[in-house]
Amino acid sequence: MRILHVLSQLPQKTGSGVYFENIIDGLKKYEDVEQACLYAATDDYNIDIMKLEKDYKVFFKDENLTFPIVGMSDVMPYESTLYSEMTDEMMESWETAFTEKLNLIKEEFNPDIIISHHLWILTSIVYDIFKGKKIVGICHNTDLRQSEKNKKMKEKYVRNIEKLDIIFSLSNSQKEEIIRIYGCDENKIIYLGAGYNEKIFYPMESYEKKEKNDIELLYVGKYDESKGFFELIEAFKIISEKRENVRLTLIGAGKKNEIKRVENAIEGLKNIELLGFLPQKEMANIMRTKDIFILPSYFEGLGLIAVEALGSGLRAVTTDIAGLRELLGDKINSSGVIEYIKMPTIYDTDKAVEEEKPDFVNRLVKGIEKQIENTKEKREIDRGLLNEISKNSWESKIALFYKNIFEKN
């Protein structure tokens with residue numbers, strides 16, 4: 001069975017990119033599966049990361065596509081173009097480049113199943129080219145956000161989503177949004193959630209040498225308003241005034257104009273380390289040495305990075321993300337290993353009401369301090385709870401994914 005994986009962005013560097021890579025890697029163990037992939041690339045990212053014989057790319061910032069890769073999010077961990085910035089000429093060249101490459105793949109590889117990430121423009125093109133084949137769409141929530149923010153673009157370029165054979169969702173609540181926005185048949189939508197790569201994210205073998213009074217906090221994500229990033233800095237200021245032994249490491253990236261704001265926000269703060277974007281394995285190596293992971297985001301489909309942190313043996317403090325609660329289940333949610341923080345009122349999908357931010361910062365402080373005390377009492381997470389968390393690894397998700405794409409009519 002030949003499977004083609006399609007993504008309009010760089011692999012690895014975003015949540016959907018990691019998802020894309022993990023599905024490919026997970027399906028390699030099935031002997032009856034032959035795989036190919038198509039994704040966006042640039043000259044400085046021209047490597048066959050999927051390690052597949054059939055590895056296709058659409059290159060940006062070259063003679064055909066002169067602009068940076070078009071990102072599904074407004075803030076990407078690499079230079080990108082917004083869909084809202086696309087002119088008719090840019091869209092024409094973008095569609096032409098992907099259409100030509102997909103037609104080449106159809107001729108050379110002739111896939112039986114196409115797995116297309118994001119319920120957006122490229123998946124519409126995939127349906128046009130491979131109509132009659134089994135076409136699977138994967139919703140990542142940023143596609144739903146694009147549909148809400150760029151309604152004219154959706155009306156002009158997005159089509160056939162309701163005709164896909166299967167759509168995988170990150171949560172059951174997301175299924176409702178898919179039905180509302182695209183008019184899809186509920187029976188075609190399967191809740192899969194997401195998994196973490198247990199080969200990369202795993203706990204330290206021993207915490208005996210780690211001093212309980214020395215607390216390491218970690219944030220991984222975009223340096224952006226929508227992630228609650230600056231509210232986290234404000235919360236850390238309050239905590240660091242009372243606790244000298246608490247440190248915060250920030251891993252991620254932001255727009256050039258935001259980096260200066262970040263530097264100003266942390267100026268004069270002790271015990272804070274600002275790192276740029278790191279490859280996943282390098283980030284995971286740093287993660288497992290920390291104690292508490294913090295995700296103060298105002299908009300997440302799932303918040304998979306929090307699951308990766310839990311799988312690495314950290315406690316977590318996150319905003320109250322419905323998809324994350326659903327994925328983890330009652331046993332983990334009630335264990336104390338994760339602390340949920342009520343969000344401020346949100347508008348325009350991912351913006352917090354300014355007047356409510358101070359109260360949100362205070363709630364964040366309380367949540368972090370609660371986990372600091374839990375960490376001081378006992379750093380190591382119980383083995384039984386880690387086993388429960390491991391049920392959300394990709395190894396367990398791939399079996400369900402394989403069953404559905406091969407068995408669902």
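Strands, as the term is used here, are DSSP runs of E with at least two residues, numbered from the N terminus. In this predicted model, strand β10 spans residues 215–222 and includes G221.

**Residue G221**

G221 has a relative accessibility of 24% and therefore counts as partly exposed, given that buried means under 20% and exposed over 50%. Setting aside neighbours within four places in sequence, G221 makes contact with I251, G252 and A253. L250 lies 29 residues from G221 along the chain, and the C-alpha atoms of these two residues are separated by 8.1 Å.

**Overall form**

The chain contains 14 helices and 17 strands. For 409 residues, a compact globule would have a radius of gyration near 22 Å, and the 21 Å of the chain agrees with this. Along the principal axes, the C-alpha atoms fill a box of roughly 65 × 45 × 40 Å. Of the 409 residues, 57% are buried. The accessible surface of the chain is about 17,900 Å², and carbon and sulfur atoms account for 45% of that area. Among contacts with a separation of 6 or more, 69% are between residues 24 or more positions apart.

**Strand β14 and its partners**

Strand β14 covers residues 315–319; 5 of its 5 residues are buried, so the strand is largely enclosed by the rest of the structure. The burial applies to both faces: R315, V317 and T319 lie on one side, with A316 and T318 on the other.

On one hand, β14 runs parallel to strand β13 (residues 292–295), to which 4 bridges join it. Within this pairing, T318 of β14 is the bridge partner of L295. Helix α10 (residues 304–311) combines with β13 and β14 in a right-handed β-α-β unit.

On the other hand, β14 pairs in the parallel sense with strand β15 (residues 338–341), again over 4 bridges. Here T319 has I341 in β15 as its bridge partner. The connection from β14 to β15 passes through helix α11 (residues 322–333), and this β-α-β crossover is right-handed.

**Nonpolar cores**

In soluble globular proteins, nonpolar side chains tend to be buried together. The largest nonpolar core of this chain has 55 residues, and those with the most contacts inside it are F168, M287, F293 and F401. Helix α10 gives the most to this core, with 6 residues. Apart from this core lies another, of 51 residues, including Y45, Y56, F60 and W120.

The surroundings of F168 can be listed in more detail. When residues up to four places away in sequence are not counted, F168 touches V136, G137, I138, C139, I190, L192, F401, N404 and I405.

**Positive phi in loops**

Two residues other than glycine are described here for their backbone angle: H118, with phi near 80 degrees, and N160, with a positive phi of about 70 degrees. The loop that holds H118 runs between β6 (113–117) and α3 (121–130). N160 belongs to the loop between α5 (151–157) and β8 (166–169). H118 counts as buried because its relative accessibility is 2%; N160, at 11%, also counts as buried.

The following table gives relative accessibility for the residues treated individually.

| Residue | Relative accessibility | Class |
|---|---|---|
| G221 | 24% | partly exposed |
| H118 | 2% | buried |
| N160 | 11% | buried |

How values were computed. Residues numbered from 1 in each chain as written. Heavy atoms only, no water. Buried < 20%, exposed > 50% of the residue type's maximum accessible area, 1.4 Å probe, protein only. Pairing = 2+ DSSP bridges. Right-handed = clockwise from strand over helix to strand, strands pointing away. Core = buried A, V, L, I, M, F, W, Y, C linked by side-chain atoms within 4.5 Å. Contact = heavy atoms within 4.5 Å. Rg over C-alpha atoms; globule rule 2.2 N^0.38 Å. Areas by Shrake-Rupley, 256 points an atom, 1.4 Å probe, with all protein chains shown as cover.
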